[in-house]
There are 2 protein chains.
Amino acid sequence: MRGAETRTEIVGAADRLFYQGGFAHTSFADIAAAVQIARGNFYYHFKSKDEILEAVIARRLERTTALLAQWDEANPTPRSRLSAFVRLLAVNGDKIMAYGCPVGSLATELSKLMHEARGPAVALFDLFRDWLAEQFRALGCSEPEAQALHLLMRSQGIAVLANAYRDPAFVAREMAAMEDWIDAAITPQRPAIP
Amino acid sequence: MRGAETRTEIVGAADRLFYQGGFAHTSFADIAAAVQIARGNFYYHFKSKDEILEAVIARRLERTTALLAQWDEANPTPRSRLSAFVRLLAVNGDKIMAYGCPVGSLATELSKLMHEARGPAVALFDLFRDWLAEQFRALGCSEPEAQALHLLMRSQGIAVLANAYRDPAFVAREMAAMEDWIDAAITPQRPAIP
DNA sequence: GTCTATATCTCGATAGAC
DNA sequence: GTCTATCGAGATATAGAC
């Protein structure tokens, strides 16, 4: 029963290497070196490289779902849950500055490769979008989906520029701006001239 | 003197193919098929694939500089110039939904490849950042560089999600939100309690 | 299950005829 | 300047011993 364990290690290493170096640029030799197994051994666990990618995306979907559930548990109010999302940019700050956002960069790469796994990769965005929309809905906002996509859009823009410029001050400033935008978005609108 | 013409065609085709399919995934065979020359002929014009990438980035820097100058000429006010930047998302809407932003996706890819041309690719961001900051400065804003990076951040986030979801309504909505943000940013602040 | 050895392909790059 | 022919490296994938 060592097999299942090896398979898990392969998927974990592939997940990390696909994030750090991209899917196409990561070879079996790279993964084999990380897991310390022979190249030929891959094909006992996976039929092809695309099948490893499928498993990596499935793993990310599981872990993201678990992360969102953990955020639900740790934060009692929808407002504090939105802050948990914003804080992810700080928690993963160093990785984002080095490699960008794992969700966005994979979706962009698979789009350019016209890879069939592009759809499943975009499903990772769906998880965040639906969870964010749920929070805005709970706060009584009028357009929870649009507001969810707006926050997702900001996180992606921040990740791209954080990776380009590698400036922690930029990330901190834009995180604060996200918090301000959230506060304004969930404040009931008053007419300009009362 | 056909040589210079061929070189220009190679760089133009490489520019388009690097954008559509990514740098690493685009082969000499792909470029050769587009320009209709033999593979071996590349090495009369370029020493290596990296040298073609250098030429592509140089071409993009030139063309972006020309675009910004054209925006300056066509728009008399700094405010209308900022709108020209926003409108780029609509002008290139179909390409962005299909391939993402050419600047952001190249910078992200070269970062993952740890390619030496990452710096020159990020210089494309600098052109937009400095030009945007110039407009905010002309409008008397207090933090023109930060505001420039904020607009750049939004355009990148919109491009990533536009490529993921391919929803023109999302792009249109976020373009309008960018215009609203600009109007609020350039409005002289009044104290909350007059 | 894991290994070694190898087949097959594509890539970037080179050599030399024209 | 452009071509054909080809090299060597590295990729995915397969075959078969253990």
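## A first look at the model

B:Ser155 sits in helix α9 of chain B, which covers residues 144-165. Helices here are DSSP runs of H or I with at least four residues, strands are runs of E with at least two, and both are numbered from the N terminus. At 9% relative accessibility, B:Ser155 counts as buried. Buried means under 20% relative accessible area, exposed means over 50%, and partly exposed is in between, using a 1.4 Å probe and protein chains only. Leaving out residues up to four places away in sequence, B:Ser155 touches B:Phe85, B:Leu89 and B:Met178. Contact means heavy atoms within 4.5 Å.

Some ground rules before going on. This is a predicted model, where local features need pLDDT of at least 70 and side-chain atom pairs count only at pLDDT 80 or more, while totals for chains, interfaces and linings use all residues. Residues are numbered from 1 along each chain as its sequence is written, chains are lettered from A and ligands numbered from 1 in the order in which they are written, and side-chain values use heavy atoms, with hydrogens and water left out.

**Chain A as a whole**

Chain A has ten helices and zero strands. Its C-alpha trace spans about 75 × 35 × 30 Å along the principal axes. Of the 194 residues in chain A, 51% are buried. If you take the contacts in chain A between residues at least 6 apart in sequence, 66% of them join residues at least 24 apart.

**Where the two chains meet**

How many residues does the contact take from chain A and from chain B? The contact takes 37 residues from chain A and 37 residues from chain B. The area buried between them is about 3200 Å², and carbon and sulfur atoms give 61% of that. On the chain A side, A:Lys112, A:Met153 and A:Tyr165 lose the most area to chain B, together 23% of what that side buries. Buried area is the accessible area (1.4 Å probe) that two parts lose on being put together, summed over both.

A:Arg118 is a good residue to look at here. A:Arg118 is found in helix α8 of chain A, residues 118-138. Residues up to four places away in sequence aside, A:Arg118 touches A:Ala107, A:Leu110 and A:Ser111 in chain A, plus B:Asn163, B:Ala164 and B:Arg166 in chain B. The side chain of A:Arg118 reaches the backbone oxygen of B:Asn163 at 3.2 Å, and that side chain also reaches the backbone oxygen of B:Ala164 at 3.2 Å. Back in chain A, A:Thr108 is ten residues from A:Arg118 along the chain, and their C-alpha atoms are separated by 8.4 Å.

**Around the DNA**

Which residues are closest to DNA strand D? Among the 16 residues that surround the strand, the closest are A:Tyr43, B:Arg2, B:Thr6, B:Ala38 and B:Tyr44. Near means that one of a residue's heavy atoms lies within 4 Å of the strand. Sugar or phosphate accounts for 71% of the atoms of DNA strand D within 4 Å of the protein, and bases for the rest.

Here are three polar contacts to the phosphates of DNA strand D. A polar contact is a pair of N or O atoms within 3.5 Å; within protein, one must be able to donate a hydrogen and the other to accept it, and residues adjacent in sequence count only if both atoms are side-chain atoms.

| Residue | Protein atom | Distance to a phosphate oxygen of strand D |
|---|---|---|
| A:Phe28 | polar backbone atom | 3.0 Å |
| A:Lys49 | backbone N or O atom | 3.0 Å |
| B:His45 | polar side-chain atom | 3.0 Å |

The elements that give two or more residues to the surface near DNA strand D are α1 (2-21) and α3 (42-45) of chain B. The largest share, three residues, comes from α1(B).

**Cysteines and unusual angles**

The structure holds zero disulfides over all chains. Why? The sulfur of A:Cys101 is 16 Å from the closest cysteine sulfur, in B:Cys101, too far for a bond, since a disulfide is a pair of cysteine sulfur atoms within 2.5 Å. A:Cys101 is buried, with a relative accessible area of 15%, and B:Cys101 also counts as buried at 15%.

Most residues other than glycine have a negative phi. A:Arg166 has a positive phi near 50 degrees; this residue lies in the loop between α9 (144-165) and α10 (168-186) of chain A and is partly exposed at 36% relative accessibility. B:Gln36 has a positive phi of about 60 degrees. B:Gln36 sits in the loop between α2 (28-35) and α3 of chain B, and counts as exposed at 72% relative accessibility.
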